[in-house]
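User: I am new to this structure. Please take me through it with short questions and answers.

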Amino acid sequence: MSSTAGQVIKCKAAVAWEAGKPLVMEEVEVAPPKAGEVRLKILYTSLCHTDVYFWEAKGQTPLFPRIFGHEAGGIVESVGEGVTHLKPGDHALPVFTGECGECAHCKSEESNMCDLLRINTDRGVMIHDSQTRFSIKGQPIYHFVGTSTFSEYTVVHAGCVAKVNPAAPLDKICVLSCGICTGLGATVNVAKPKPGSSVAIFGLGAVGLAAAEGARISGASRIIGVDLVSSRFEEAKKFGVNEFVNPKDHDKPVQEVIAEMTNGGVDRAVECTGSIQAMISAFECVHDGWGVAVLVGVPNKDDAFKTHPVNFLNERTLKGTFYGNYKPRTDLPLVVEQYMNGELELDKFITHTVPFSEINKAFDYMLKGESIRCIIRMGE
């Protein structure tokens, strides 16, 4: 075990004291892991739009003070009682969802939605004892989606930690913890386009670009990017997108535009916006007989959409996905190997890097729409 095992560690963390206010660099105390938990030393973390959404606290129950962050790479510092698949020194990626290995979902080849460890954005404490592992002068600081990686050390349930190849650069593969796998898996694991096929990607943010990368890896010949911001189209070419449609440029529904472009519809569509209109368009733009549309974007809680049942009767398929259908502990190490052997490109997702002391710059980049992913170097 490490020299700090079993002890409280004092370290720097970027704490959100209230909604929408800049994070404050604080010295926090990080308790040792309890049974079934792991304490990680975070080396690199990146900012995801989900962090910004909950930091702004516009659409959900606010919970502060809190340590955000959920895309990261680090090294296991110590493990709690009963943890056998990880040991100190292992390179690891913490993930906002988990794999207990025991529930019906974990035992099913078809699901990654672990009963015990699936995402819970309202929970600010550990499952084991409903307590936090972070504190400042005795005041509890809440966790975020079980990861809280905007801290030099964090405690995570062991089922939410994937052990990865120690040769893989953590400053690159940390982006696989959330958005990139969500988009990539939506295409390769759920839509499953065939070589030479056509794919429409709705929304060209980080998740949509990852979905396009999945289409590129799959050998799709036509990858059509759909976005309301035309300035995103140039960047998207790096991810295999070779045709572009801005719905604002047309006076008819975009699904009709795409159907005309593709002689009846695309073979696959992946929706990465959370917009109800984009969901309808993605479904209705796939070809009858074999078309498959996959929903990835998270809608507002009261949203609903309508489409005619004949669209289903004409043999179009609509699917949904969570985290690209990847099981974190089982599948994430294999995605890292895809990167290591050159099949998957990650560097092009990383547009900015900042030292941990300047983490608020990462929020600025994302709020201005300037970054796909900004890597935050811990310990600086």
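User: How many residue pairs are in polar contact across the interface of domain 1 and domain 2?

Analyst: This is a predicted model, where local features need pLDDT of at least 70, side-chain atom pairs count only at pLDDT 80 or more, and totals for chains, interfaces and linings use all residues. Residues are numbered from 1 along each chain as its sequence is written, and side-chain values use heavy atoms, with hydrogens and water left out. A polar contact is a pair of N or O atoms within 3.5 Å; within protein, one must be able to donate a hydrogen and the other to accept it, and residues adjacent in sequence count only if both atoms are side-chain atoms. Across this interface, with both residues at pLDDT 80 or more, the rule finds 2 pairs.

User: Which residues form a salt bridge, and how far apart are the closest N and O atoms?

Analyst: A salt bridge needs a side-chain nitrogen of Lys or Arg within 4 Å of a carboxyl oxygen of Asp or Glu. The interface of domain 1 and domain 2 has 1 by this rule. Glutamate 213 pairs with lysine 348, and their closest N and O atoms are 2.7 Å apart.

User: Which three residues supply 81% of the area that domain 1 buries against domain 2?

Analyst: Buried area is the accessible area (1.4 Å probe) that two parts lose on being put together, summed over both. The two domains bury about 590 Å² between them, with 71% of it on carbon and sulfur atoms. On the side of domain 1, the 81% comes from Lys348, Phe349 and Ile372.
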